Amino acid sequence: MYDTVVQFGTIVTEKDVFQADIGIREGKVVAICTPGSIESSDAEIIDATGLHIFPGLIDIHVHFNEPGRDNWEGLETGSKSLAAGGVTTFFDMPLNSNPPTTTREQFLKKLQLANEKAVVDYRLWGGLVPDNLDHLNSLHEEGAIGFKAFMSECGTDDFQYADNVTLLKGMEKIAELGSILALHAESNEMINYLTEKAINEKRFSIRDYCESRPIISEVEAVERVINYSELTGCNIHIVHVSSARVIERIKEAKAKGVNVSVETCAHYLAFSIDEFEKIGATAKCAPPLREREEVEMLWESIKHGDIDMISSDHSPSPPELKKGETIFDVWGGIAGCQSTLAVMLTEGYHKRGISLSKIAEVTAYQPAKRFGLTSKKGSIQIGLDADLTLVDLKKEFTLIKEDLYYRYKISPYIGKQFIGKTNYTLSRGQIVYENKK
Ligand SMILES: NC(=O)NC(NC(N)=O)C(=O)[O-]
Ligand SMILES: [Zn+2]
Ligand SMILES: [Zn+2]
């Protein structure tokens with residue numbers, strides 16, 4: 001009757017926490033029953049006694065950089081890391097692969113590589129850049145989950161940021177397609193002005209870097225693109241918001257009827273500038289880490305339901321690019337996609353009383369809902385894919401580099417103490433991670 005039965009675990013969904021057994025057939029959940037009641041003579045049994053079963057996470061924001069920069073990460077190492085962290089679906093960003101995913105040909109090439117190499121499910125973002133307006137249609141036809149644009153320079157030469165005219169024209173098209181535009185929203189003018197000033201004045205501390213990309217530059221860009229959304233009718237998603245001040249603006253826009261969603265990343269919830277100063281360049285990202293009180297306000301925003309989802313924005317580089325004369329010279333991007341759930345459990349559930357259902361909601365249900373995947377993913381329900389992560393909520397561990405599956409064992413989370421560990425991950429019913437393998 002079943003290929004696999006997960007017995008005696010506690011199921012966590014966006015609505016509920018309850019004990020039940022799960023029967024899996026052909027990759028789908030086909031039964032959810034009273035513990036011990038499933039007839040399972042010829043099924044593989046997974047004993048989940050003492051474990052919590054979350055819907056596999058959906059990480060809508062990773063940079064696995066293949067093709068072209070797979071020496072920075074790669075679809076195999078990246079997706080194995082996700083499996084180890086309980087993530088069963090990822091959306092790969094159109095940059096820093098080289099060439100970036102801005103035409104049909106490049107999209108199909110990446111799709112083929114993902115098909116060969118990824119150990120969990122995936123979708124691909126298409127890019128919106130100044131010279132590819134005529135390609136948006138074909139990217140959409142091939143199944144792009146949405147489009148991504150940068151409002152400021154992105155740190156590589158091969159993905160141009162979208163000027164305002166490109167944004168407006170692109171948004172008009174994306175609205176017609178009924179798709180969605182994700183934005184890296186920082187004001188290019190403000191951050192370039194402040195960066196130049198800091199460098200001229202030889203202010204090279206970590207705090208100087210953070211102050212060169214202030215919260216107000218996020219606010220400016222977000223307000224602008226919200227206005228563009230009202231004008232064009234384009235649905236938008238703001239990636240990696242670092243501050244509750246920005247979340248407030250998005251909340252106001254939602255109340256006015258603008259179709260906008262927002263993510264923050266695990267690192268903005270785990271670290272403040274104080275940790276950035278201790279850890280150094282490994283914790284450099286853009287927008288940068290913020291003050292401790294901002295971290296706490298983000299957690300409050302999650303509690304109040306003002307943040308739709310959590311991503312990792314996993315954007316690693318080779319170690320030599322994380323070294324440089326000053327903090328301004330090193331690669332901006334954090335490697336962390338294996339640790340998202342551990343951060344949510346440790347910092348959210350254990351330290352701040354965030355409910356398990358809220359964690360399932362922002363890591364799986366909301367991403368599935370926003371991107372139209374709820375007929376297959378995002379929760380634990382009869383008929384959905386058996387994408388499951390089995391977690392020991394009480395397991396304490398310190399992350400060591402040998403635990404990581406990244407191409408390079410570099411991450412600001414190394415040395416961090418966590419409570420809550422993934423023991424098994426199932427992707428469409430198949431065990432893709434079990435006890436460190
Ligand atoms: N080129 C990048 O991958 N940049 C990424 N880097 C960060 N966030 O520091 C991003 O998502 O903006
Ligand atoms: Zn970004
Ligand atoms: Zn990113």
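1. Where is Asn65 found with respect to S6 and helix H1? Asn65 sits in the loop between S6 and helix H1 (75-84), where helices (H or I, at least four residues) and strands (E, at least two) are DSSP runs numbered from the N terminus. Phi of Asn65 is near 65°, a positive value in a residue other than glycine.

2. A word on the basis of these remarks. This is a predicted model, in which local features need pLDDT of at least 70 and side-chain atom pairs count only at pLDDT 80 or more, while totals for chains, interfaces and linings use all residues. Residues are numbered from 1 along each chain as its sequence is written, and chains are lettered from A and ligands numbered from 1 in the order in which they are written.

3. Two cis peptide bonds deserve a look. One joins Asn98 and Pro99, with omega about 5°, and Pro99 lies in the loop between strand S7 (87-92) and helix H2 (104-117). Another runs from Ala286 to Pro287, with omega near -10°, and Pro287 belongs to the loop between helix H10 (273-279) and helix H11 (292-303).

4. Ala286 also appears at the ligand: of the 14 residues around ligand 1, Cys285, Ala286, Ser315, Gly332 and Gly333 come nearest, a residue being near a molecule if its C-beta atom, placed from the backbone, lies within 6 Å of it. The shell around ligand 1 divides into four nonpolar, nine polar and one charged; here Ala, Val, Leu, Ile, Met, Phe, Trp, Tyr, Cys and Pro count as nonpolar, Asp, Glu, Lys and Arg as charged, and the others, Gly among them, as polar.

5. In an unreviewed entry, UniProt annotates His61, His63, Lys148 and Asp313 as "binding site"; such annotations may be inferred rather than shown by experiment. Although these residues are spread over 253 residues of sequence, they cluster in space, with a largest C-alpha distance of 12.9 Å. His61 has its place in strand S6 (residues 57-62). The unreviewed entry also lists residues 53-429 as "domain: Amidohydrolase-related"; the end C-alpha atoms of this span lie 13 Å apart, and the span is 38% helix and 17% strand.

6. Helix H7 (residues 215-232) packs with helix H8 (residues 244-255) at an angle of about 15°, their axes 9 Å apart; axes are lines fitted to C-alpha atoms, for helices over the stretch in contact, and angles run from 0 to 180 degrees between N-to-C directions. H7 and H8 are therefore roughly parallel to each other, a term for angles under 35 degrees, whereas over 145 counts as roughly antiparallel, 65 to 115 as roughly perpendicular and the rest as oblique. In H7, Ile215, Glu218, Val219, Val222, Glu223 and Ile226 meet Arg245, Val246, Arg249, Ile250 and Ala253 in H8, contact requiring C-beta atoms, placed from the backbone, to lie within 7 Å. By class, this contact has seven nonpolar, no polar and four charged residues.

7. The axes of helix H4 (residues 164-177) and H7 come within 9 Å and cross at roughly 50°, and that makes H4 oblique to H7. Leu167, Leu168, Met171, Glu172 and Ala175 of H4 make the contact with Val225, Tyr228, Ser229 and Thr232 of H7, which divides into six nonpolar, two polar and one charged.

Conventions:
Two residues are in contact if their C-beta atoms, placed from the backbone, lie within 7 Å.
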